[in-house]
Amino acid sequence: MKATGLVIAAASVAGASAHAIFQKLAVNGVDQGTSCIRLPQGPSANFPVTLVSSNDIRCNVGGSTGVSGVCSVPAGGTITVEMHPTYAAADQSCSVEAIGGAHHGPVQVYLQKVADATTADGSGPWFKIYAEGLISGYNAGYWATDRMNDNCGKVNVVIPAGLAPGNYLVRAEVIALHAAFQTNGAQFYITCYQINVTGGGSATPSGVLLPGAYSPTDPGIYWDLYRSFSSYPLPGPTVYSGGGSPASSSTTVRTTTATTTARTTTPSSTTRATTTPSTTRATTTATTTARVTTTSSTTTTGGTTGISAPLWGQCGGLGWTGPTNCASGKCVSTNVYYSQCQP
Ligand SMILES: *[C@@H]1O[C@H](CO)[C@@H](O)[C@H](O)[C@H]1NC(C)=O
Ligand SMILES: [Cu+2]
């Protein structure tokens, strides 16, 4: 293994300060204010968590303490979580990247069923309801964070329709990978929201604990962004597939043998800084791992004709066999798994 990576990168050093915060919530397009959001506080509010063994990996620093509000969300509805660099008004502008500084990486959203969202500390089991990782390219490539930036910091997430009603914590996460080529270099930007799901069904998906579900050596956490790759393994569990949520990401997991994929580090003019030059970087980590492909899936066209999806209803996506036209609004692709009728 050539130590091609132990060189310096101006770009990633410059990006090191481009931190960000998930800080807004809309429900079916209606802004909810901030009363149900455990907003990170203080001058370091937009700093990332880097130790996946810390309780801060649940809801960020200070996020084990609740706030007074609970936002009501109908099961099957859509929440929009929104990220910006700081709380400053100027940083809310769509012309300012939601998370800048080449902070490429996945966006994931988890839920935890709790007795009381205003007091829950996040120690229960989390299940994943949304995940998007690498979309295209490599070194560095186009990622879920880049799509979020192109969408003014907004990420639309469907609350599974069959979910049991009641209080939940929502955990929205960006994992910035620009420094993830070194141990504990991945940056977790997390905010938790307090919601009350109404309607719904009886589903109580099983979950994973945090800390616990992530390891510093997971291939999707210990990841060299600055090389050639064709897919990226999302850390944590697969997306819960039930209740009318987007199709499980497990439907597109493909195991690729190391021999079929060239893992050669692309010679490149990109140079990088490691703050710990003695760190040995293993680029073999991901070569034999089952990897998630989000870009090569075929899109199934709808099998239902003559019926229109309602506003905010699903109108397409991988495996979708329901209506593909909208009774009102237009069908907008949220990700490969989900398209939705939006006004
Ligand atoms: C959650 O919604 C249910 C059903 O509408 C309601 O009875 C309950 O009071 C709500 N709880 C909170 C904390 O908002
Ligand atoms: Cu940063």
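**Core, copper site and backbone in a predicted model**

User: Which residues does L25 touch, leaving out those up to four places away in sequence?
Analyst: In this predicted model, L25 touches V30, D31, Q32, G33, C36, I37, C71, I79, T80, V81, Y193 and I195. Each of these has a heavy atom within 4.5 Å of L25, as contact requires.

User: What makes a set of residues a nonpolar core, and which residues have the most contacts inside the largest one?
Analyst: The members must be buried residues of the nonpolar types listed for a core, joined through side-chain atoms within 4.5 Å. The largest set has 37 residues, and L25 and I195 have the most contacts inside it. Strand β11 (residues 166-176) gives the most to this core, with five residues. Another core, of 32 residues, lies apart from it, with A140, L169, Y232 and V239 among its members. In soluble globular proteins, nonpolar side chains tend to be buried together.

User: What makes H19, H103 and Y189 donors of the copper ion (ligand 2)?
Analyst: A donor is an N, O or S atom within 2.8 Å of a metal such as this one. The atoms ND1 of H19, NE2 of H103 and OH of Y189 are at 2.0 to 2.5 Å from the copper ion, so they meet that limit. Along the chain, the donors follow the spacing H-x83-H-x85-Y. Because H19 lies in the loop between α1 (10-15) and β1 (21-27) and Y189 in strand β12 (residues 187-198), the pair ties together parts that are 170 residues apart in sequence.

User: Why is H19 called buried, and how do you know how to class Y189?
Analyst: Buried means under 20% relative accessible area. H19 has 11% relative accessibility, so it counts as buried. The value for Y189 is 1%, so Y189 is buried too.

User: Why is A102 called partly exposed?
Analyst: Partly exposed is the range between under 20% and over 50%. The relative accessible area of A102 is 32%, so A102 belongs in that class. A102 is found in the loop between β5 (78-84) and β6 (107-113). Its phi is near 55 degrees, a positive value in a residue other than glycine. Most residues other than glycine have a negative phi.

User: Where does N139 lie, and what is notable about its backbone?
Analyst: N139 lies in the loop between β8 and β9. N139 has a positive phi of about 45 degrees although it is not a glycine. A cis peptide bond joins N139 to A140, with omega about 0 degrees. With a relative accessible area of 23%, N139 is partly exposed.

User: Which residues does the other cis peptide bond join, the one with omega about -5 degrees?
Analyst: That bond joins L210 and P211. P211 lies in the loop between β12 and β13 (253-254). Most peptide bonds are trans.

User: How do you know which residues are around ligand 1?
Analyst: A residue qualifies if one of its heavy atoms lies within 4 Å of the molecule. N167, N196 and T198 are the residues around ligand 1. An oxygen atom of ligand 1 is 2.3 Å from an N or O atom in the side chain of N196; a polar contact needs such a pair within 3.5 Å, so this one qualifies. The protein covers 31% of the 360 Å² of accessible area that ligand 1 has on its own.

User: How many helices and strands does the chain have, and what share of its residues count as buried?
Analyst: The chain has three helices and 19 strands. Of its 343 residues, 51% count as buried.

How values were computed:
Residues are numbered from 1 along each chain as its sequence is written. Chains are lettered from A and ligands numbered from 1 in the order in which they are written. This is a predicted model: local features need pLDDT of at least 70, side-chain atom pairs count only at pLDDT 80 or more; totals for chains, interfaces and linings use all residues. Side-chain values use heavy atoms; hydrogens and water are left out. Buried means under 20% relative accessible area, exposed over 50%, partly exposed in between (1.4 Å probe, protein chains only). Helices (H or I, at least four residues) and strands (E, at least two) are DSSP runs, numbered from the N terminus. A polar contact is a pair of N or O atoms within 3.5 Å; within protein, one must be able to donate a hydrogen and the other to accept it, and residues adjacent in sequence count only if both atoms are side-chain atoms. Accessible areas come from the Shrake-Rupley method with a 1.4 Å probe; for residues, only the protein chains shown count as cover. Donors are N, O and S atoms within 2.8 Å of the metal (3.2 Å for Na, K and Ca); water is not among the atoms, so sites may look incomplete.
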